[in-house]
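Student: I have a model open and would like to test a few labels against their cut-offs. Shall we go through them together?

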Amino acid sequence: MQYHIDGFRPGDPDWHPAAPGIRREGDPLPQTVDVLIAGSGPAGLCLAAQLARIPQIRTMLVEPKLAPMEKGQADGISVRSMEMFQAFGFGEKVARESVWINETTFWAPGANVPLARAARVQDVPDGISEMPHVLINQARVHDMFLDVMRRSQTRLVPDYGLKVTGLQVDNSAAEYPVTVSLEHTAPGRQGETATVRANYVIGCDGARSSVRAAIGGALHGDAAHQAWGVIDILAVTDFPDWRMKSFVRSQGDGILMVLPREGGHLVRLYVELDALGEHERAADRGMGPADIIAKAQRILRPFQLDVKEVVWWSIYEIGHRLTDKFDDVPEHEVAARTPRVMLAGDACHTHSPKAGQGMNVSMGDTFNLGWKLISVLTGRADASLLHTYSGERRAAAKALVEFDHKWARVVGGHAEEDAAAGLPRVAREFINNLPFTCGLTVQYEPGRLTGQAAHQHLATGFDIGKRFHSAPVVRLADAKPMHLGHCIEADARFRLFIFAPASDRGTSGGPVSALCSWLEHDAGSPLRRHTAPGEDIDRVIDTRAVFQQGFRDLDYSAMPALLRPRVGRLGLCDYEKVFCSDRKSGQDIFEMRGIDRARGCLVVVRPDQYVGHVLPLDARAELAAYFAGILRDRSMRAHAHAHAMGTGAPGA
């Protein structure tokens, strides 16, 4: 963690000095903002936490509720989301507070008993991630994001008690083209309205999204016509797997899922209730927590369940729905204009909670969108970059909806389908689906942000288009063992990892030194082309190197200057750019990730932790072309040309 870069900073390093002129809590509503986010659920807060770190971006987050969430709703955090939390700086805190799901058990009627344990499965396969699968109250996840916002330079906090009632987009306006209508929800202020103009509006306002309705969007799909109850309880029971994630199928009373929760005592149950008619809603039945508990007690027989306290409950019906597009630009207008209104989370996809993906995929939406908005609003990229959001995330959501459709029917299937092969069908399917439920199967298609796989053989373990699969390394300057992926922060920067050939020690004349010299000095290099005058050399593209030798076998002072850059106001040396293979632990990143030892390679990682490209070390033109397709030319040459043409600095 680096925080003395511009001078000594006492106190908590997570608290950043407040930027001048920021809007304070309780100040009047602004007339204009850069980004207005509707909804402070996981999607909205994940986006706000990214934007809050950029003082020049004015962000407003509106929420109809009057205060932050305290309990209920989602609870499952996939290993992919934990990797993302690490980038925000609170992965370790979530891991400490949460319950880790290490094993999943499956119960079904036995030969001579009403219920018997039919199978048990390791929940997270070995080697798939350094992160665990955990369960924790969604409200605590909200708290983590709110802390990031509150401690940022912008001191961003939600505007509670405000809901979006409508919006209009004036595509002819160059600035603040979206006019947003807001309404107060606080007692005594209901009916009061306000208007804010924004450059961009992001609808994270749930399945009944007002933002989606305002741009003419709709959710399409089907429903399973089955009521389910979800309840968080403190209880006494003799069920043996009360602190395990468990699927329990009874002989004739349906199924339930047991999900242990944080704190050592709290447990969540998902309980199958009644089938619903074609046009019936779960709310029409008038069921409550007593109905959920009674059904759970019948399913768990002969085990006893004595509920001492109900913490939260809800009754819902399963639906699998997806909207046509995640932004406001019809397909036939994509070439003519760029998005101004975008959707995320339940506003554009809904599904059952059985796979534990809802909150995770929603955060994945805005983790994808955040760096793109930052790049556009800070002038690093053209607004056309925002077109990639809908294409990438709708494909991911479509895969989720299709998976959830099948999985919900497996979980709710009949006992006679659980034949053969030594495992119940639900257990077999659970094992097959583990990479998906871990959140690791998203793979973005080749395009503007994702390169072709022509050089994938140079690093077979870093799949182009998939998330960067971290591995252990040792940092050269201080011999610190760490995970390479943990140097990727949620700061909207690209990472360029140089994996050195076996004979290269970083000294002058080697491939790494030659590449670094080109990156640092050549006018055609992406670092020079896309970094503005006066910015640190790593402000947009952060270059790091990994060597095959042990840390005692290399000389840090002999490393290329680019890997020992002078940064910040004081021009201090950054000592955290060079890494070595972790020989002590025997976990060699080159072997683990299939990196060509003789040739080495380049791995480009997008700001959202996905692998953008794998290239040979000498692929200068291809590397430059990749970044030129994403980022603007902001070099001294580009500024001089813009000044000569009288158009001002590009992207200013």
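Tutor: Gladly! Let's start with a definition: a disulfide is a pair of cysteine sulfur atoms within 2.5 Å. Keep in mind that this is a predicted model. The structure holds 0 disulfides.

Student: How do you know that C46 is in no disulfide?

Tutor: The nearest cysteine sulfur belongs to C204 and is 9.2 Å away. A disulfide needs the two sulfur atoms within 2.5 Å, so C46 does not qualify.

Student: And what about C438, where is its nearest cysteine sulfur?

Tutor: That sulfur is the one of C46, 19 Å away, and C438 is in no disulfide either.

Student: Why is C438 called buried?

Tutor: Its relative accessible area is 3%. Buried means under 20%, so C438 earns the label.

Student: Now to charges. What makes R23 and D159 a salt bridge?

Tutor: Their side chains meet at 2.9 Å, N to O. The cut-off is within 4 Å, so the pair counts. R23 lies in the segment before β1 and D159 in strand β8, so the salt bridge ties together parts that are 136 residues apart in sequence.

Student: Is R23 buried or partly exposed?

Tutor: Partly exposed: its relative accessible area is 29%, and that label covers values between 20% and 50%. D159, at 14%, is buried.

Student: Why is the contact of R544 with D542 called a salt bridge?

Tutor: The closest N and O atoms are 2.8 Å apart, and the limit is 4 Å, so it passes. Both residues also belong to a network of salt bridges that includes D491 and K577.

Notes: Residues are numbered from 1 along each chain as its sequence is written. This is a predicted model: local features need pLDDT of at least 70, side-chain atom pairs count only at pLDDT 80 or more; totals for chains, interfaces and linings use all residues. Side-chain values use heavy atoms; hydrogens and water are left out. Buried means under 20% relative accessible area, exposed over 50%, partly exposed in between (1.4 Å probe, protein chains only). Helices (H or I, at least four residues) and strands (E, at least two) are DSSP runs, numbered from the N terminus.
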